[in-house]
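Grab a coffee and work through these short exercises on a single protein chain. Try each task before you read the solution below it.

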Amino acid sequence: PQVLSTGVLASATGAGAAAYVTREHCARDAASVVASKHPRRGVFDSTGPVALTHAQIDLALGRASGRTILAKQADVAEVEAALRAEDAINRTKERK
């Protein structure tokens with residue numbers, strides 16, 4: 001990801017936090033609902049175990065990568081442009 005090559009994690013979240021969830025977590029949740037002896041109808045919400053701010057994510061990424069990761073507060077347009085640029089780079093790599 002771009003954050004590892006640049007050392008900067010841009011975010012438009014401000015001081016907000018989110019309980020991120022993995023696909024594996026969602027799959028486990030879905031499997032437990034399907035396998036239940038007493039299935040219920042409705043909407044099920046699957047969230048991560050704890051809400052993290054981007055500052056906390058920066059620290060975790062830094063520890064895991066051995067690099068210093070800096071948080072950058074950006075506006076939504078900046079974040080969208082960065083994501084589009086990263087997507088274009090990834091698509092170019094896939095074609096090679």
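**Exercise 1.** Decide whether leucine 83 is buried, partly exposed or exposed in this predicted model.

*Solution.* Start with the relative accessible area of leucine 83, which is 54%. Exposed means over 50%, so leucine 83 counts as exposed. Next, place leucine 83 in the fold: helix α4 holds it. Finally, look for alanine 10, which is 73 residues away from leucine 83 along the chain, yet their C-alpha atoms are separated by 9.8 Å.

**Exercise 2.** Work out which residues lie nearest the centre of the largest pocket, and which elements build its lining.

*Solution.* Begin at the centre: Gln2, Leu9, Ala10, Ala82 and Leu83 lie nearest to it, out of 13 lining residues. Now move on to the elements. Those giving two or more residues to the lining are α1 (2–6), β1 (8–11) and α4 (76–95). Helix α4 provides the largest share, with five residues. Then sort the lining by class, and you get eight nonpolar, three charged and two polar residues. As for space, the pocket has about 320 Å³ of it.

**Exercise 3.** Find the side chains that meet in a salt bridge, and say how exposed each partner is.

*Solution.* First, the general idea: side chains of opposite charge can pair when their charged atoms come close. The structure holds one salt bridge, and its partners are lysine 72 and glutamate 78, at 3.3 Å from N to O. That fits under the 4 Å cut-off for a salt bridge. Now check exposure. Lysine 72 has a relative accessible area of 38%, so it is partly exposed. Glutamate 78 comes out at 36%, which also puts it in the partly exposed class.

**Exercise 4.** Which residues form a nonpolar patch on the surface, and where is valine 50 found?

*Solution.* The patch is made of Tyr20, Val50 and Leu52, and together they have about 260 Å² of accessible area. Go to valine 50 next: this residue sits in the loop between α2 and β3. With a relative accessible area of 46%, valine 50 is partly exposed.

**Exercise 5.** Locate phenylalanine 44 and work out how far it is from serine 32 in sequence and in space.

*Solution.* Look in the loop between α2 (23–35) and β3 (52–53), and you'll find phenylalanine 44 there. Counting along the chain, serine 32 is 12 residues from phenylalanine 44; going C-alpha to C-alpha, the two are 11 Å apart. One last check: phenylalanine 44 has 41% relative accessibility, so it counts as partly exposed.

How values were computed: Residues numbered from 1 in each chain as written. Predicted model: local features only at pLDDT ≥ 70, side-chain atom pairs only at ≥ 80, totals over all residues. Heavy atoms only, no water. 1 Å grid on protein atoms, 1.4 Å probe; cavity = no way out; pocket = protein on both sides within 12 Å on 5 of 7 lines; lining within 4 Å. Points joined across faces, edges and corners; volume = space filled by probe spheres on them. Helix = DSSP H or I, 4+ residues; strand = E, 2+ residues; numbered from the N terminus. Nonpolar A, V, L, I, M, F, W, Y, C, P; charged D, E, K, R; others polar. Buried < 20%, exposed > 50% of the residue type's maximum accessible area, 1.4 Å probe, protein only. Patch = residues over 30% accessible without salt bridge, like charges linked within 9 Å, V, L, I, M, F, W, Y side chains within 5 Å. Areas by Shrake-Rupley, 256 points an atom, 1.4 Å probe, with all protein chains shown as cover.
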